[in-house]
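Work through the exercises below with the sequence and model open. Try each task before reading its solution.

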Amino acid sequence: MNTNNIAKSLSIAALISVTACTNLVDSTHKQITLNDQQTLGVNFTWKDTSRCLGSSPEFTLTKVPENTQTLAFTLRDIYFPFFPHGGGELEYTGDNTIPIGTVAAAKGHYIGPCAPPFFPGQYKFTVEALDSNGLLLGKGNATRPFPHR
């Protein structure tokens, strides 16, 4: 293979890689384009929540995209990512404050933070804003230690 053929092959491979990175497919939601997504502001506090099967925290959201119909919440343990904390989906009413316990009571499966009392864990909530067809409009996350100090 000569130098020109190698250069052409590398150019084609680079073009395929760029195209693949531009259009991603989320594992649970329809195809998304990076340029069309918005970043949600996500804030939460563990105040008045308890370990393991306790209530989900109160959330404050900002920059929720227009046409959002559903909010999908997922909790992930940073230190033990294999633990299935799950989350929940709820209808977005336009209110950017999600009261304590709402995610735990929503459609889905939620298990709160379960770190031992002597080892505060780090937990990350991801929130996805979806339209009526399940298309991802925006996404945001926030990470906090538990118990919150």
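## Exercise 1: A charged pair

K139 forms a salt bridge with E128, with the closest N and O atoms 3.8 Å apart. This is a predicted model, where local features need pLDDT of at least 70, side-chain atom pairs count only at pLDDT 80 or more, and totals for chains, interfaces and linings use all residues. Residues are numbered from 1 along each chain as its sequence is written, and side-chain values use heavy atoms, with hydrogens and water left out.

Task: place both partners of the salt bridge between K139 and E128, and say whether each is buried or exposed.

Solution.
- Step 1. Apply the rule: a salt bridge is a side-chain nitrogen of Lys or Arg within 4 Å of a carboxyl oxygen of Asp or Glu. The count by this rule is one.
- Step 2. Locate the partners. K139 is in strand β11 and E128 in strand β10, so the pair ties together parts 11 residues apart in sequence. Strands (E, at least two residues) and helices (H or I, at least four) are DSSP runs, numbered from the N terminus.
- Step 3. Check accessibility. Buried means under 20% relative accessible area, exposed over 50%, and partly exposed in between (1.4 Å probe, protein chains only). K139 counts as partly exposed at 33%. E128 counts as buried at 9%.
- Step 4. Recall the general point: side chains of opposite charge can pair when their charged atoms come close.

## Exercise 2: The overall layout

Task: how many helices and strands does the protein chain have, and in what order do they run?

Solution.
- Step 1. Count the elements: two helices and 11 strands.
- Step 2. Read from the N terminus: α-β-β-β-β-β-β-β-β-α-β-β-β.
- Step 3. Add burial. Of the 149 residues, 36% count as buried.
- Step 4. Add contacts, meaning heavy atoms within 4.5 Å. Among contacts between residues at least 6 apart in sequence, 61% join residues at least 24 apart.

## Exercise 3: The core

Task: which residues have the most contacts inside the largest nonpolar core, and which strand gives the largest share?

Solution.
- Step 1. Define the set. A nonpolar core consists of buried Ala, Val, Leu, Ile, Met, Phe, Trp, Tyr and Cys residues joined through side-chain atoms within 4.5 Å.
- Step 2. Name the central residues. The largest core has 23 residues, and W46, F59, L71, F73 and I98 have the most contacts inside it.
- Step 3. Assign the elements. Those giving two or more residues are β4 (41-45), β5 (58-62), β6 (70-77), β10 (121-130) and β11 (136-146). The largest share, four residues, comes from β10.
- Step 4. Inspect F73. Beyond four places in sequence, its contacts include F59, L90, I98, V103 and V127.
- Step 5. Turn to L61, in strand β5. L61 is buried, with a relative accessible area of 2%. Leaving aside neighbours within four places, L61 is in contact with G41, V42, L71, N96, I98 and V127.
- Step 6. Compare sequence with space. L61 and T97 are 36 residues apart in sequence and 6.4 Å apart, C-alpha to C-alpha.
- Step 7. Note the general tendency: in soluble globular proteins, nonpolar side chains tend to be buried together.

## Exercise 4: The disulfide

Task: which parts of the chain does the disulfide between C52 and C114 tie together?

Solution.
- Step 1. Apply the cut-off: a pair of cysteine sulfur atoms within 2.5 Å. The count comes to one.
- Step 2. Check the distance. C52 and C114 are joined at 1.8 Å, S to S.
- Step 3. Place the cysteines. C52 is in the loop between β4 and β5 and C114 in the loop between β9 and β10, so the pair ties together parts 62 residues apart in sequence.
- Step 4. Read the handedness. The torsion about the S-S bond is about 115°, so the disulfide is right-handed.
- Step 5. Check C114, which counts as partly exposed at 26% relative accessibility.

## Exercise 5: Positive phi

Task: where do K63 and N67 lie, and are they buried or exposed?

Solution.
- Step 1. Read the angles. Phi of K63 is near 60°, and phi of N67 is about 75°. Neither K63 nor N67 is a glycine.
- Step 2. Place them. K63 lies in the loop between β5 and β6, and N67 lies in the loop between β5 and β6 as well.
- Step 3. Check accessibility. K63 is exposed at 61%, and N67 is exposed at 54%.
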